[in-house]
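Work through the exercises below with the sequence and the model side by side. Try each task before reading its solution.

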Amino acid sequence: SRQCRNEIIRIAEYVGLNNDLNKKSKSLSGGMKRRLSVAMAFIGDSKIIILDEPTSGLDVYNRRALWELIRNYKSGRTIILTTHYMEEADALSDR
């Protein structure tokens, strides 16, 4: 549906994959695959999302973009994430 397509495009823009929507996942780089996995976790309006080191291996720009995605989608959800970055934990955690 149009609403589904719009949501996919919006999330793809957040994770920097809007120019790669027609590519197969096997042709994406490791960082792009990680961003795709996080984007997929947020589609479908799940109330509980578990992210295991979602920004590991990403450059600073893409790490911050994923932070923004998590912040924008955390309302009404429980997001559990693991990370090695204290700055990330401080920026994203409520508790």
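**Exercise 1.** Find the salt bridge between the side chains of Lys47 and Asp45, and state how exposed the two residues are.

*Solution.* Begin with the distance: the side chains of Lys47 and Asp45 meet at 3.6 Å, N to O, where a salt bridge is a side-chain nitrogen of Lys or Arg within 4 Å of a carboxyl oxygen of Asp or Glu. Next, consider exposure, for which buried means under 20% relative accessible area, exposed over 50%, and partly exposed in between (1.4 Å probe, protein chains only). Lys47 is partly exposed at 49%, and Asp45 is partly exposed at 48%. Finally, look for further partners: Asp45 and Lys47 are linked with Arg77 in a network of salt bridges.

The model is predicted, so local features need pLDDT of at least 70 and side-chain atom pairs count only at pLDDT 80 or more, while totals for chains, interfaces and linings use all residues. Residues are numbered from 1 along each chain as its sequence is written, and side-chain values use heavy atoms, with hydrogens and water left out.

**Exercise 2.** Which parts of the chain does the pair Arg64 and Glu87 link?

*Solution.* First, the closest N and O atoms of the Arg64–Glu87 salt bridge are 2.6 Å apart. The pair then proves to link distant parts of the chain, since Arg64 lies in helix α3 and Glu87 in helix α4 (residues 86–92), 23 residues apart; helices (H or I, at least four residues) and strands (E, at least two) are DSSP runs, numbered from the N terminus. For contrast, turn to Arg71 and Glu68, whose side chains meet in a salt bridge at 3.5 Å, N to O. Because these two are three residues apart in helix α3, about one helical turn separates Arg71 from Glu68.

**Exercise 3.** Which element gives the most residues to the largest nonpolar core?

*Solution.* A nonpolar core is a set of buried Ala, Val, Leu, Ile, Met, Phe, Trp, Tyr and Cys residues joined through side-chain atoms within 4.5 Å. The largest one has 17 residues, and among those with the most contacts inside it are Ile11 and Phe42. At least two residues each come from α2 (30–42), β1 (48–52) and α3 (60–73), and α3 gives the most, with five.

**Exercise 4.** Which residues of β1 lie on its covered face, and which on its uncovered one?

*Solution.* The covered face holds Ile49 and Leu51, whereas Ile48, Ile50 and Asp52 belong to the uncovered one. Ile50 has Ile80 in β2 as its bridge partner.

Key:
Two strands pair if DSSP finds at least two bridges between them.
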